[in-house]
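Dear colleague,

Please find below the structure that I am handing over to you. My findings follow directly after it, arranged by topic.

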Amino acid sequence: MRVLVYIFFIFFTVFKAFALNTVNVEKQYEIRFNKDEFITDIEVVDSVLYVLESNKDNVLIYNLYDGRLKGKKFIGNFHSLISFKYFKSDWYVLSANESSLVMFDSNWNHLKTVKIDAKDPTGIAFYEDFMFIVDNDGQKVMKYKLKNLKLTQQVKGFGFNKNQFRYPFDIKVDEKGDIYVSEVINTRVQKFNTSLKYVDTIGEWGIKKGQLYRPKGIEIQGQNLFVTDSIMGVIQIFDKNSGKFLGVLGENDKILRLKSPYRLKVYNNFLCILDNFEKVVYVYKFK
Amino acid sequence: MFISSNKIPILFCIFLLFCLSKSYSFTGQESAKECAICHYEWMDSFIYELKGTEIVDYQKDRIVANERMCFSCHDGSVADSRLRVWANDMHKVGIKPPSNMKIPNELPLENGEIQCRTCHTAHGTKDINKGDIGRSVFLRVENTNSQLCKMCHSDKKGHYNHPESKLNSKMSVSRQLVENKGKLGDDEKIICESCHTPHGPKGKKILLGKIGNSEICSFCHTDKLDSKKQYKKGVLNHPVNIPTDNTMISEVESLGGKFEDGRIICLSCHNTHKGINKELLIVDNKDDKLCLTCHKNKVSVKNTSHDLKKKKGFKNMFGQTPDKYGTCSACHGPHGWGVNLPNIDTDLLSKACLSCHKEADIVGEKRIFKDRFNHPVSVEVKNSQDLPLFTKSINYFSEMNKENNDKFINCATCHDSHGKEKNFLRAEVKNDFICLKCHDNKKDILGSKHSLNDITCLSCHNIHNSENKYLLKRDIKDICVDCHNKNGVAKQFIPGENSHPVNKIVHDVIPDNFKLYDSKIQCATCHDPHQPGKNKKFLRINFSNKDDFCISCHIEKNGIFNSKHHDQKKKGLCENCHVVHNSFSNKYLMSIKWDYNNDNDYCEVCHNTNGVAKNNIVKVLHPFGTIKDKKNAIKENLSCISCHDPHSQQKGKNRFLKYEEDSFCFQCHKDKKEFLDSPHNSTHFRDMSGKFKKENCYLCHDIHKRGETEDAVLIRTCESCHSDKNIFGNNIIKTSHIGMKDEKIKDFYTHNGEVVCKTCHEPHINNKYLFPSNILKSYQLCISCHQKEKDVLYSEHNMSLIFKDKDSVCDACHTVHNYSENNKYFYKKDVDANKDFVKEICLGCHSENGIAKTKAINIYGHPEIPMTFKLEKDLPNKFLFKKNGEKSLTGNITCATCHDVHKWSESHDYKVTENTEGNVLNSFLKYKGIITFCSTCHGEETMLRYKYYHTDKLRKEKYNDKKKRKKTFMELLIGN
């Protein structure tokens, strides 16, 4: 009997050591889109949720708090818009197939279209006077001077090692100017400093906690680095400085499982997640 | 060495923990990753431990090639197929294939369902022959010619399917097909993917385009549909994408046809995969079932002569017989005419009709001859009322398409080729005056005399095969007379022999209201047989009076209004003199009965003693006759109308002259044109007297002279001005050469042998003295008559040498005008009537104060004694001069008795030098006759006296002695 008690103790201890931390969120609402609407990115500015409709070159504008559609803006005839970002009163939109950056003012009036040295730009981020763009097919991350849109630095290469990429997709910058780049096939997040010097690697190949199978969108909230996985269907949370797995998004202490989470956005206490396979945007609140 | 049984559980737990914590070490992570990146189910936890992990559930089933797995990379994060595959519809996945579809083993299903892997494999296409790896898009089977599609979709066999052939020459791959990722097979043949795409179709049934508006068909059938999906007209193309009525839709749908939004589309008649024949029709159209389902009103064509099933051997341009392809097929092809027509934008309908109706062996007597006149087609008309019009590019079905604002006429406007009426005329055409449906501007003919007695449009016109213009049955010059003759229907309205000319070319422009025919005037020039007009005379324009009608063309006659020829009390000014038809004269179409023989008769008819213009009769006329040109050909017959235009009073001071007065006469009298520059041009002195205003030739000439002779008028005319102090003041002519007679004047004009003004003057010429143009100097005029005095030119009496004025040869002593009435010989200076005239005029110069003072006469000549002559009766008349200067038998001997002032000597060799001292042979002496003359009185002393007086020696002695200067010759002689 003592032996059985001992075994139970050991098992309890081991499972406790492997116990999963869920960061609970509560769904506020969801926005579903039609079959012929293909959504590729979301952004929140001043409590307004912007949704980029790629195939129709529309920006759909919703009230973040209640999901009420405020308007729809046709922004021009482009091909394959894939990501956008609001920075310093201007909108920056990436057109993947055209390898171009399209700029608009805050009211979506077209300012200019700039060709960039990228095969397939898929992510964009800003820090101070610099703009960072991920080139998915080009296997690189580029740093542009925002003032003149001149390429100042880049880290490039196809491979498994650090400073190399296999299909980098999303990019975020933290408050210190560190760059985080998700890689879909290398199944990791590489961290660089503002000068694009390698700092760290977060996540690894696999399907266990802290591992990534098909990482896509990333987002930073304080020390937390959120990473979506479109096959596992979960959003994992890492410590952005140590790279340590912190937990997984949950709902009522259960893992939040989505069909194919793609990009995500944290705004104050809100978390917006785009599932572009299901063609839905979920809006949660952190508990 | 043995482990106790109670430790076994402990060891198991340790092993288990080890396995849990180090599971990856069994496999080697990276080596598995390249496969597991898609084969999710092969992840270690799933495949070895048969369980999930902390964060994912156990994945028992394969998801390697399901849609989500493919999407996880093709969402733009690795490959970008977002919009191509997932933004629209796609080939069905996640469902089981229909029971009648056999899926070959090469195309695996997933749990019996179609998945991406059914067609695709990441491991590459098997046995690629012609396609490249890029095109195969990881398909399991090469699909360059739809091989893959047909492996499943074999049920399309057994029907007539859309042909997999090359596009014909009229078709082309449109831009839309390329943009929508449509593909052609080998040799550019149509394949499944030419219309369908498994990913990102725009239309239903994974079609590249929508079936609505026939969009998908338009991608290749560019010969039938344009880029705007509008059916192309002008090729007899059945319209599509236009609304049609619900009854028609339901009937065609019952046959298998499809409609979109109530609009007819290509699939209304065709089925691309279940066609009943190779034309892919939904039903067999042998008996025109498909056509007549909608076009029920066309069934009437059956069994008519247009049902060419009756015509043996007839084939349309495709070689199809009506027997096999239906009655409609004779004219209508599947998408165009059944007859061979040019591929141009023109009236194809009429051309289609003519394609048969020009062939006698097809239509017999209904043949239309192209070289004859036929009713025009393809022309725009404003109104057809009930008759149909067509678009310029005619398509057969345009009647159904009323919104086109069709406005062109063609064969089908009058004919309904499907009708049962005679000649296939439309029902509306039964009316004899059907022409008026379009020609509504001719509708006034109804109720007119031209619509009586069964007269219809066709009484004068042939619609087809007319041999005359305007589709007339007769030439336009004859067509009216056919009725309007003494035996015709309109015999009471015949133009008569004397009528307004017709069939003559008019070179002038005539008003638009009137019409010329080949530039010729015809009856229809003035008459519009379709418009009776207010006066029922079918005159072309409505006018307030007849005069306006005439003036419309004869605008140059407009000046007659309000002239003296316009009797305002009478209506109809023109017809006072003229009548258009049945006139009394062939020339000028006079309405007044008169014996018209010459041109003046047309004036005299009024301007005669009994005529209406009896107060304005011309007694004597300007000479008539003919004006001839240089070749002596008659240029003009002079008559009243040579100068007068009875229709224009305005010119020539209301004298109906043809030209303005100032230039009128010069139209003929061109040689007098210099007059205008001459002093006689009255414009030079019009202001001098009111009577000369705007007068010129008329100042002197009166063309019609009122009965006076010409010369008398002439003299009177000069005098009338040159004696008028109001005009010339003190320069009036009081005395002149006029009236003198001389037989020697032969080459100059005289009146009854007398000198008149015109003898010396040409009044129309522009020189100082109005001398004839051949007279350059005045003396030339004088010596023209005064030949004897011509020698003065060679004497010191040629004063032009003295005064250095070549014009003063005669003028120095003479003037023909305004000499003193007492003077003789036109001597210009006044001479005291109490003195010896001849002596005075000689001593006028030959005196100490005279110009000839060097030859002053101190002792004046012969004593004044009466002479009586016995011998030569006429001689004294030459030598003796009365005191007043007249030559007279009772005259005295004076200077001119011995001297001829105009002749220095007999010889013309004399060259004048100043103060030549002469001798007896010259010195202006009348040498030959004077001796005889003197001897009559002086007898033997004649020579002595002559020498004394004419010899320097004797004379000088006496005359130089001043004391004896006053002694006469006789005293000296006696004294000697």
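**Lys477 of chain B and its surroundings**

Lys477(B) touches Asn503(B) and Gln522(B), leaving aside residues up to four places away in sequence. Please note that this is a predicted model. In sequence, Lys477(B) and Asn503(B) are 26 residues apart, while their C-alpha atoms are 6.4 Å apart in space. Lys477(B) belongs to helix H20 of chain B, which covers residues 476–479. The side chain of Lys477(B) also makes a polar contact of 3.5 Å with the side chain of Asp478(B). With a relative accessible area of 38%, Lys477(B) is partly exposed, because partly exposed covers the values between under 20% for buried and over 50% for exposed.

**Ser736 of chain B**

A second position in chain B is Ser736(B), located in the loop that runs between helix H30 (725–728) and strand S12 (750–751). Is Ser736(B) buried or exposed? Its relative accessibility is 15%, so Ser736(B) counts as buried. Its contacts, not counting residues up to four places away in sequence, are Val816(B), His817(B), Tyr819(B) and Phe826(B).

**The interface of chain A and chain B**

The size of an interface is often given as the accessible area lost when the parts come together. Chain A and chain B bury about 4000 Å² between them, and 63% of this area is on carbon and sulfur atoms. In terms of residues, 52 of chain A are in contact with 42 of chain B.

The rule finds 4 salt bridges across the interface of chain A and chain B. Lys35(A) forms a salt bridge with Asp89(B), in which the closest N and O atoms are 3.4 Å apart. Across the interface of the two chains there are also 23 residue pairs in polar contact, with both residues at pLDDT 80 or more.

Which elements of chain A give two or more residues to the side that touches chain B? They are helix H1 (2–17) and strand S6 (81–87) of chain A. H1(A) gives the most to this side, with 5 residues. By residue type, the side of chain A that touches chain B divides into 25 nonpolar, 14 polar and 13 charged residues.

**A hairpin in chain A**

Within chain A, strand S8 (residues 100–105) and strand S9 (residues 110–115) run antiparallel and are joined by 5 bridges. Leu101(A) stands opposite Val114(A) of S9(A). S8(A) and S9(A) form a hairpin with 4 residues between them, and Trp108(A) in the turn has a positive phi of about 65°.

**Positive phi values in chain A**

Most residues other than glycine have a negative phi. Two residues in loops of chain A are therefore listed here for their positive values, namely Ser89(A), with phi near 75°, and Thr187(A), with phi near 45°. Ser89(A) is found in the loop between S6 and strand S7 (90–95) of chain A. At 44% relative accessibility, Ser89(A) counts as partly exposed. Thr187(A) has its place in the loop between strand S15 (179–183) and strand S16 (188–192) of chain A. With a relative accessibility of 0%, Thr187(A) counts as buried.

With kind regards

Methods:
Residues numbered from 1 in each chain as written. Chains lettered and ligands numbered in written order. Predicted model: local features only at pLDDT ≥ 70, side-chain atom pairs only at ≥ 80, totals over all residues. Heavy atoms only, no water. Buried < 20%, exposed > 50% of the residue type's maximum accessible area, 1.4 Å probe, protein only. Contact = heavy atoms within 4.5 Å. Buried area = accessible area lost by both parts, 1.4 Å probe. Salt bridge = Lys/Arg side-chain N within 4 Å of Asp/Glu carboxyl O. Polar contact = N/O pair within 3.5 Å; in protein donor to acceptor, adjacent residues only side chain to side chain. Nonpolar A, V, L, I, M, F, W, Y, C, P; charged D, E, K, R; others polar. Pairing = 2+ DSSP bridges.
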